[in-house]
Every structure is written in structure tokens, then in C-alpha cells.
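I opened the model to record how reliable one chain is and how two helices meet across the chains. My entries follow in the order of the look-up.

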Amino acid sequence: MRMFLLAVVVMIAGGIGAKVALDTIQIPASVGFSTGGARPEPE
Amino acid sequence: MSSLALVKRIVLAGVFALSMHAASAQTLPDDSAGRPAAPATGLNTDKVEVHEQQLLGEMRKLQGFITIPDTRAATLVQPDGRSWRDYRRGPLLWITAACVLGMLALLLVFYAVKGEIKIAGGRGTATLLRFGAFERFMHWLTAASWCILAISGLNVVAGRAVLLPLMGNDAFSLFSTWAKYSHNFLAFPFIAGIVLMFLVWLRHNIPNKIDVEWFKQGGGFIGNKHPPSEKFNGGQKVVFWIVVLGGGALTVTGLALMFPFYVTDITGMQLAQLAHGGVALLMIAAMLGHIYIGSVGMEGAFDAMKDGRVDLKWAREHHSLWAAKELAKSGDTSPHPAE
């Protein structure tokens with residue numbers, strides 16, 4: 001299961017890397033979330 | 001009250017009413033001075049008979065006039081959003097329950113009837129390398145991120161209905177915040193895993209006549225026959241294409257949702273969300289079946305992803321053409337013994 005553990009480490013690193021990269025190039029990903037009760041966002 | 005006082009009150013009320021009417025009449029022409037023109041719907045919105053639903057049905061948006069920089073805030077009501085929200089709050093919850101709980105129930109019944117599919121004669125001592133280290137790595141990268149994406153995605157759809165009553169507001173809020181961050185950023189390792197699997201396993205997953213025969217014989221699940229198969233059998237090829245095509249669809253729609261208004265407008269994002277949720281639910285159902293057969297459903301199957309080596313007897317039963325080819329290729333007639 002060493003490849004599983006390696007994959008989990010790479011997955012976490014990749015996720016953090018994606019966050020840092022998006023912040024660096026200043027394209028913020030949406031962190032707003034709806035759990036079914038939010039009203040539709042106006043356009 | 002004297003009659004004079006009564007007359008004075010009536011006159012004052014009349015003057016007030018007239019002044020209000022005049023003021024409202026004066027505001028109408030202002031609409032042409034900088035305000036966005038109302039959509040031409042053919043409706044006379046001054047008529048009191050206009051019903052709300054009729055208005056919402058004929059106008060794509062109800063917009064006003066604002067002076068703040070964010071012009072999107074001028075939209076008061078977006079009628080399509082109501083349909084989208086109603087679908088999310090109602091039918092989508094039932095579809096989610098049908099896909100997830102329905103699939104789990106099916107697998108439970110299948111297991112109760114069929115049990116674990118055993119290796120005929122039990123495990124042997126010889127093994128064969130089925131997946132190399134890199135293949136196992138990319139599989140687990142995709143699988144691990146997929147599990148978190150599926151759980152956090154189900155929370156977006158059904159968390160409010162299912163988890164909120166169990167967890168309470170504070171815990172649910174904390175969980176949902178982290179789930180959303182995970183959903184956003186672990187999408188990238190998932191996409192990487194999909195691309196890698198596509199590149200590495202594509203040549204093994206082109207459908208052919210052997211797969212047709214495999215399906216005709218029920219894939220070995222019906223009865224005790226084991227139809228011949230290459231490295232991936234017909235069922236595994238179906239799983240591969242569900243993952244690749246479904247993962248591709250999730251990637252496109254997910255990126256549109258992750259970066260609001262970069263790719264499409266609010267209507268486009270609502271459609272993207274419906275497609276994203278629908279494809280994800282189908283994939284969740286398919287992956288539950290994949291996880292079942294790769295773990296408790298079949299003896300020896302998990303070894304392929306555990307350390308890469310499978311029991312030779314298992315390989316000959318379930319992937320006879322592949323096993324014969326591998327043995328002939330290596331000239332190894334006495335494969336490695338199991339550890």
C-alpha cells in the first residue's frame with residue numbers, strides 16, 4: 001500500500017499547490033457554497 | 001367634529017392624493033434618462049391583472065437601477081434560478097438517494113445472493129505482476145481524491161437535509177467550509193489522475209469482440225463460467241470510459257462553477273451545476289459497484305492494487321488471455337511465489 005500513501009501525500013500537496021497557484025495569479029476560486037437553501041445569486 | 005373641520009380634512013386628503021399621483025407620473029419619464037430599458041415582453045405591467053408567475057415566466061430577469069460598480073446586483077429576481085433552486089431542494093435529493101442508497105441496496109442484495117466470488121480451488125502460491133508502481137499510484141491518486149470529492153459534493157447537495165439536523169449549525173458550518181475547500185482544490189489532483197489513467201490505460205481499453213463475448217456470458221457473474229479476457233475485461237472497460245468521459249464532463253462543468261462568471265453567466269452556471277451533479281451521481285453509483293467488486297465482492301481482486309501482484313490462478317480465471325500473454329512474454333513458467 002506504499003503507492004496509496006504516496007498518492008495521498010501527492011494529493012494533499014497538489015491541492016495546496018493549486019490553492020497557492022490560484023492565489024498567486026489572483027484568480028480566486030469560489031468558496032461560496034450552497035447547501036440547498038441559498039437564494040440564486042443575482043447576475 | 002364640526003362640519004367645517006370635516007370639509008377641511010376632505011380637501012387636504014384630496015390635495016395629498018393629487019400631489020402623490022402627479023409625483024408618480026413625473027417619475028415615469030425618468031426611465032429614459034439612464035435607466036436600463038425594461039425588457040420588451042409585450043406585457044402591460046401597469047395592469048393590475050398581471051400575475052407574478054406570468055411576469056416571471058415572460059421576463060428572464062427583473063432588473064432595477066443601481067449606482068454601485070457591481071452591475072450584477074441590479075438583478076432583483078432571476079426566474080430561472082427559482083426553477084433551479086426548486087429542483088435542488090426537491091427532485092435532486094430523491095435522485096441522490098436513489099443513486100447512492102439504491103446502489104448500496106443492490107450491492108447488498110447481490111452479496112447476499114452471490115457472496116464473495118472465490119478463486120476456484122483456493123489461492124495458489126504463484127503470483128503475476130498486474131499493475132506496476134506508477135499504475136497503482138495514479139489509480140490511488142484518482143481514487144483518493146474522488147472519495148473526498150464525492151463526499152464533499154454530496155454534502156453540497158444533501159448536507160443541509162441529512163447532516164445539519166445531526167451535527168448542528170456550528171459543526172455543519174465548519175465541516176461544510178472545509179468540504180468546500182477540499183472540493184475545490186483536490187479537484188486538481190483528481191483531474192491529473194484522470195489524465196494519467198487515460199494516457200496509460202487507453203490502449204488496453206479499446207472495445208473489441210472479446211468484450212462482446214464477455215458480456216454475452218454475463219462476465220462470469222452469472223453462472224460459474226469465466227469468459228476469456230485481456231488485461232481489462234468488458235466491465236472494466238465500461239468503468240474506464242465512465243471515469244474518463246464522466247471525469248471530463250465533471251472537469252469542464254466544475255471549472256465553470258469554480259470560477260464564477262469567467263466562463264458563463266448565471267444561467268449557464270445553473271445548467272453546469274445540474275450537469276455536474278447528474279454526472280457525479282452516476283459516477284458515484286458506478287464507483288460503488290467498482291469498489292465492491294474490487295474488494296469484498298471478489299477474492300484476490302484487491303491484491304492488484306495492494307502490491308500489484310495477483311494470484312496466478314485468479315489471473316487465469318478472470319484475465320486468461322492477459323495471463324497467457326504475460327507468461328509467454330516473460331518466458332516465466334514459474335512466476336514469483338506469493339509473499
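Entry 1, confidence. I noted that chain B has an average pLDDT of 83 (the predictor's confidence in each residue, from 0 to 100), with 78% of the residues at 70 or above. This is a predicted model, in which local features need pLDDT of at least 70 and side-chain atom pairs count only at pLDDT 80 or more, while totals for chains, interfaces and linings use all residues. Residues are numbered from 1 along each chain as its sequence is written, and chains are lettered from A and ligands numbered from 1 in the order in which they are written. Within chain B, helix H1 (residues 3-27) has the lowest confidence, a mean of 52, and H8(B) the highest, 97. For the complex I recorded an ipTM of 0.73 and a pTM of 0.76 from the predictor.

Entry 2, helix packing. I found H1 (residues 2-24) of chain A packed on H8 (residues 187-201) of chain B at about 120°, the axes being 7 Å apart. Helices are DSSP runs (H or I, at least four residues) numbered from the N terminus; axes are lines fitted to C-alpha atoms over the stretch in contact, with angles from 0 to 180 degrees between N-to-C directions. The angle therefore makes H1(A) oblique to H8(B) (under 35 degrees is roughly parallel, over 145 roughly antiparallel, 65 to 115 roughly perpendicular, the rest oblique). H1(A) contributes A:Val10, A:Met11, A:Gly14, A:Gly15 and A:Ala18, and H8(B) contributes B:Phe188, B:Pro189 and B:Ala192, contact meaning C-beta atoms, placed from the backbone, within 7 Å.

Conventions. Contact = placed C-beta atoms within 7 Å.
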